[in-house]
Amino acid sequence: VPYVWDSCFITQYGTKEMFEWVAPEKWQFMDFVMMDPNISFQKCSFYSLLLIEAFSKQFPEWRGKVHIINGDRLQISSNALNIFLPSLSMYKNNRIVLYPRKKIHDILKEHRSACFITHQWNNDYNYMTLELLYCNYPILHNSEGWSEYGYYYSIDKWQKAIQTMYNAVKNHTDNLNIYKTHAANLIWKHSVHNPLIQERWKKII
């Protein structure tokens, strides 16, 4: 069936302006936020954390933090808590913060100037990505079906992924007008108001 999304997922909690991205004073202190469930390998923080760790070493002038929503799932995993996280220099330097599950509108209010990153296997389409695009947040994602939108990266091209991360953090303000246009095109592609979507649903129903 056609994939659909509508801005009511955000605007039911307030106006768009309440949640829109705000440029940080200095890109070097922009934080990263992850919201993957961390329940299974399909949507987890493992590769995202490795990518940010590599990014922090290549660009040591970046001094932001990493906020992991659903990070409490990592705390109950002995491998993550005792082996993986302690192996990261950012964790050792208290630059990784773990949180329990939170609602999207609360997360956006708390991290108005953040860059988001997500990683998935076999879950190409994600409402969260569209919500972040709608509110102009830089979002790094590895959804091949949406590779033309947002900041797409592939773990098969690690160095390019680091450069994409750098572009998202340092140049998002400059990229914003093009970014908004791309976001609007993708959102319309999946809009419940799109006649093509409505027609396909009518045939199915």
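**Exercise 1. Place N136 in this predicted model, and work out whether N136 is buried or exposed.**

Step 1: Start with the chain position. N136 sits in the loop that links α7 to β5 (139-141).

Step 2: Check the accessibility. The relative accessible area of N136 is 6%. The cut-off for buried is under 20%, so N136 counts as buried.

Step 3: Look at who surrounds it. Leaving out residues up to four places away in sequence, N136 touches E20, W21, H172, L176, Y179 and K180.

**Exercise 2. Describe the overall build of the protein chain: which secondary structure elements does it have, and how compact is it?**

Step 1: Count the elements. You should get nine helices and six strands.

Step 2: Compare the radius of gyration with the globule rule. The chain comes out at 17 Å, close to the 17 Å that the rule gives for 205 residues, so it is as compact as a globular protein of that length.

Step 3: Put a box around the C-alpha atoms. Along the principal axes, the box is roughly 55 × 35 × 35 Å.

Step 4: Add burial and contacts. Of the 205 residues, 45% count as buried. Among contacts with a separation of 6 or more, 72% are between residues 24 or more positions apart.

**Exercise 3. Find the residues that touch the most other members of the largest nonpolar core, and say which helix gives the core its largest share.**

Step 1: Recall the background. In soluble globular proteins, nonpolar side chains tend to be buried together.

Step 2: Pick out the best-connected members. The largest nonpolar core has 58 residues, and F32, V66 and F116 touch the most other members.

Step 3: Trace the helix. Helix α8 (residues 158-189) supplies 10 residues, the largest share of this core.

Step 4: Zoom in on F32. Beyond four places in sequence, F32 touches I52, F55, W62, K65, V66, H67, C115, I117, L140, M165 and V169.

**Exercise 4. Characterise the largest pocket: how much space does it hold, and what lines it?**

Step 1: Think about the probe. Rolling a probe the size of a water molecule over the atoms shows where empty space is left.

Step 2: Read off the volume. The largest pocket holds about 440 Å³ of space.

Step 3: List the lining. There are 18 lining residues, with R101, K102, I104, M128 and E131 nearest the centre of the pocket.

Step 4: Assign elements. Both α6 (104-110) and α7 (127-134) give at least two lining residues, and α7 gives the most, with three.

Step 5: Sort by class. The lining has nine nonpolar, three polar and six charged residues.

Notes: Residues are numbered from 1 along each chain as its sequence is written. This is a predicted model: local features need pLDDT of at least 70, side-chain atom pairs count only at pLDDT 80 or more; totals for chains, interfaces and linings use all residues. Side-chain values use heavy atoms; hydrogens and water are left out. On a 1 Å grid over the protein atoms alone, a cavity is a set of points where a 1.4 Å probe fits but cannot get out, and a pocket is an open set with protein on both sides within 12 Å along at least five of seven lines; lining residues have an atom within 4 Å of a point. Grid points are joined across faces, edges and corners, and a volume is the space filled by probe spheres set on the points. Helices (H or I, at least four residues) and strands (E, at least two) are DSSP runs, numbered from the N terminus. Ala, Val, Leu, Ile, Met, Phe, Trp, Tyr, Cys and Pro count as nonpolar, Asp, Glu, Lys and Arg as charged, and the others, Gly among them, as polar. A nonpolar core is a set of buried Ala, Val, Leu, Ile, Met, Phe, Trp, Tyr and Cys residues joined through side-chain atoms within 4.5 Å. Buried means under 20% relative accessible area, exposed over 50%, partly exposed in between (1.4 Å probe, protein chains only). Contact means heavy atoms within 4.5 Å. The radius of gyration is taken over C-alpha atoms; the globule rule is 2.2 Å times the number of residues to the power 0.38.
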